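Open the model in your viewer and keep the selection panel at hand. The tour goes from the interface to the enclosed spaces.

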Amino acid sequence: MALKKKDILDLASLSVDEIQLILDTAESMREISERPIKKVPTLRGKTVVLFFYEPSTRTKLSFDVAAKRLSADSLSLSAGMSSLTKGETLLDTARNLEAMHPDVVILRHAYSGAPQFLARRLKASVINAGDGTHAHPSQALLDMMTIRQHKGTLSGLKVAIVGDIAHSRVARSNCEGLTKMGSQVVLAGPPTMIPRGIEEMGVTVAPTVEAAMTGADVIMMLRIQKERQKSFLMATEREYARFFGLDQERVRLAKDDVVIMHPGPINRGVEISPDVADGPYSIILDQVTNGVAVRMALLFLVTGGGLNADSD
Amino acid sequence: MPILIKGGRVIDPGHMDEIGDVLIEKGRIRAVQPAGTLEAPGADCRIVDAAGLWVTPGLIDMHVHFREPGQEYKETILTGSQAAAAGGFTAVCTMPNTNPVNDDPAITALILEKAARAGLVRVYPVAAVSVGSRGEQLCEFGELKAAGAIGVSDDGLPVMNAQLMRRALEYAAGFGLRVISHAEDMQLAEGGVMNEGPRATRMGLAGIPNACESVMVMRDIALSALTGVPVHIAHVSTRESVDAIRRAKSDGIPVTAETAPHYFTLTDEAVEGYNTHAKMNPPLRSEADREAICRGLADGTLDAIATDHAPHSAMEKEVEFDRAANGVIGLETALPLGLKLVADHVLTASDLITRMALAPARILGLPTGIRVGQAADLTLIDPLKEWIVTIRDIKSKSKNTPFENWTLKGKAVMTLVEGQIKLDGLQRENR
C-alpha cells in the first residue's frame, strides 16, 4: 500500500488507514536508526528543502536527520537567512523554490494555513512542520506512535491534554488524530486557554485538571509560555504550576500504568515538576526518538514509497 | 436628449409600484404616468423599452472605499465610479481611510474634483472624526462640511475613546453632519482574523467574538441617548448588534444602521481553505448571525444595505491568511445579492429598494424618489437576468470578490444620473 497524497498538511485530511500506514512504516524505519551505519539509499537523488520561517530546533533537526538517514539531499532555509527578511512574499518564495525542482518542502510557519498556501502552488510535496496554531502533524503522529508502543493500541484510551490548548497546534493535531483512532481525548487548563468550540473536534473539556487526569492512560502536558501573561491568559507561573502543573500527586490520579508526554521543550517546575519529567512514567525521550522514525516514514511515503513496494 | 422609459415596473417605495412610463428631460423627471400614456416629445428622444424591468430611484451605497488619494493601485475615484455605475448605483459615500486620511478640507475637495472629472456617479465624501483617525483630536467639522463632506467617521478604525465619541456626536450635530460608527472594540479584537468559534479553533486562526462589535454598538447607542444626536452604525454583522439596535429604536433612540451583502449572504464557512477573499472586518459570522441580519433587514432594524466596497490588489490577498488585508469589493454584486433576498421572500421588492436607495438618502439627507421635477437619478433593473461573476468583467480595479463564478440573478441594466446615462446595458437591443 502506498500513500496517495501529495502533501501532509494536517491530521484532518488523513484517514484511519493512512495514519496506520504511516505509523507502521515508522516502526520499520526505527530500526535503521539503531544500525551501526544509520543510512539507507532510499531517497538518493531526492531534494528535501527544510523551510523554517519560525525558529525551531528539535523539529528541524529531526527532519534533517530523517532526510539524511534516507540519503536525500537536504538543504535548509530559515527566517533569518531567507529573503523573507528582505521583504519577499511567500508567493515569490514559492515560485523561486518551484524553479529549483525540490521533491519535498518541509515548512514551518508562524501563520496558520501557510502550508496549504504553498501546497496549492508547488508540484513538490509539502510537509507541514507546524503552522501557527493550526496543525503539527508529524508531532501528533510521533505522539501516537509512542502511545501505541506503550499501550499496544490507540483505541479506547483516555488521553488528557493539559495546558494552553488555544495556542497549541500539537493539541489540535492530537485531538484530530487520537479521536480518529478511537481514543477519548479530555482537555484541561485555565479557561482562558481553552478555545471556544473545541468540543466540536470530538473531545471533551474537563472542569478541572484533576478531573482530566483521573483514570487517564496518557497525560500530555503542553508548554506554557511566559508571554501569555501579557495577553491576560494567566496570572503567574507560580500559580500556574500549583493549579495546572503536573506533580506526583496528580500523577497518582491517573491509571497505574499512565505514561507522561510532553512535546518539548519543557519548562521544569512550571507545567511539569522535575521529578515527574524525569520519573518512571515519562516517555518524553521516546517521543524524540520516534520523531525521527515518523519523519523518515513521511518522507518515504510522500515521495512514492510503499510498505511493500514490490507487491503494490 | 430626452429619455422616455416605457412600460417598466416603477418602484418608488411608499409612493408607487406600478407599470408606468417615465419621461426625463433636461436632467429632471418631467412626467410619470400609467404605461402607454406618454408620447416621445420629439424625434431626438431616446425611447427605452422597459418591459420586464424595474425602474427605481438611483441606488445609493453609503459605504465605499475608493482608495484615492494614496492607494490608486487598488482603486481610483474613476474606476470606483465605473464599478458603482455598473452596479446600478447613482451615488456613493467614500470613507475617509485614504492616505492621507480625509481629515482636511483640501482632501475632501480633491475627492470631489476627481469625482467631477470622472463624471459618472455622485460622490459624497465622508471625512474623518479625528485627525489622522488617530482618536486624539477632533477634525474641523465645519471646514469639512463647507468643503463638501456629508458625514464623519473614522471607518476602518473605531473611535475607541468614549469621550471623543460623545463630543464628536455633539460637535457634528452643530454642523448637521451624520456620525458613522465603525463599531469594534480593538482590544477585544486584538490579533483576531476571523469569526471566533469552532471553525476558527479548528483552523488555528485567532477569533473575533461577536461581542467585539456589540459592546461598541451598545456604547454608541448609549451615547446617542445621552446626547440626543443620531448615530449611524456601519457594517452590522452580529445578532447581538441587531437586537441592541432594535431595542434602541423601540426606545426612540435615533440610531440607524447598515449591513453589507456579504453578511446576509455568507457565513464563516467561506473562510475554509484559508480563503483570503472571505477575510473582512467585521468578519463573516455564523449562520445564526446571518439569519438575524436577514430578520433585521426585513423588519427595518437595519435601515440600509451598503457594500463596504473595499478593493485590495492580489499583493494584499495572495498571502498568508493572517497577513491578508481585510475587505471585499461589492459594488457590482450588491444588487443581485439583494435581489436574492427578494427571491427568498426575506424582503419585498419595495423593501429592497428602500434599503438600497430611500433609507441611505433619508439618513444622509439626500433627495430620492421618482417624482415629477426631481433630478432623474434612476436605476433600471432586469430582475431575471442570469449572469456569472467573471473577474475580467469586473470594472473595479481590484478583483477581490468571494463571489467569483457565482451565478447571480438580476442586474442593473441602466444607470441614470441627472438624466445622463452612465451605464447602458440596453443599447444594442433598444436603440
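Contact here means heavy atoms within 4.5 Å. In this predicted model, begin by selecting the contact between the two chains, to which chain A gives 21 residues and chain B gives 15 residues. Between them, chain A and chain B bury about 1600 Å², with 55% of that area on carbon and sulfur atoms. On the chain A side, select Tyr111(A), Ser112(A) and Arg196(A), which lose the most area to chain B and together account for 34% of what that side buries.

Stay with Arg196(A) and add Glu196(B): these two residues form a salt bridge whose closest N and O atoms are 2.6 Å apart, and the count between the chains is 2 salt bridges. Next, colour α3 (90-99), α4 (114-121) and α6 (169-180) of chain A, the elements that each give two or more residues to the side touching chain B; the largest share, 5 residues, comes from α4(A). By residue class, that side of chain A divides into 8 nonpolar, 7 polar and 6 charged residues.

Now turn to the enclosed spaces, where a search of the whole structure finds 6 cavities of 30 Å³ or more. The largest cavity holds about 70 Å³ of space, and its lining, which can be selected in chain B, includes His182(B), Glu184(B), Cys212(B), His235(B) and Arg285(B).

Finish at the second largest cavity, with a volume of about 50 Å³, by selecting lining residues including Leu331(B), Trp387(B) and Lys411(B). Both α12 (334-343) and β17 (407-417) of chain B supply at least two residues of this lining, which divides into 6 nonpolar, 2 polar and 2 charged residues.

Technical notes: Residues are numbered from 1 along each chain as its sequence is written. Chains are lettered from A and ligands numbered from 1 in the order in which they are written. This is a predicted model: local features need pLDDT of at least 70, side-chain atom pairs count only at pLDDT 80 or more; totals for chains, interfaces and linings use all residues. Side-chain values use heavy atoms; hydrogens and water are left out. Buried area is the accessible area (1.4 Å probe) that two parts lose on being put together, summed over both. A salt bridge is a side-chain nitrogen of Lys or Arg within 4 Å of a carboxyl oxygen of Asp or Glu. Helices (H or I, at least four residues) and strands (E, at least two) are DSSP runs, numbered from the N terminus. Ala, Val, Leu, Ile, Met, Phe, Trp, Tyr, Cys and Pro count as nonpolar, Asp, Glu, Lys and Arg as charged, and the others, Gly among them, as polar. On a 1 Å grid over the protein atoms alone, a cavity is a set of points where a 1.4 Å probe fits but cannot get out, and a pocket is an open set with protein on both sides within 12 Å along at least five of seven lines; lining residues have an atom within 4 Å of a point. Grid points are joined across faces, edges and corners, and a volume is the space filled by probe spheres set on the points.
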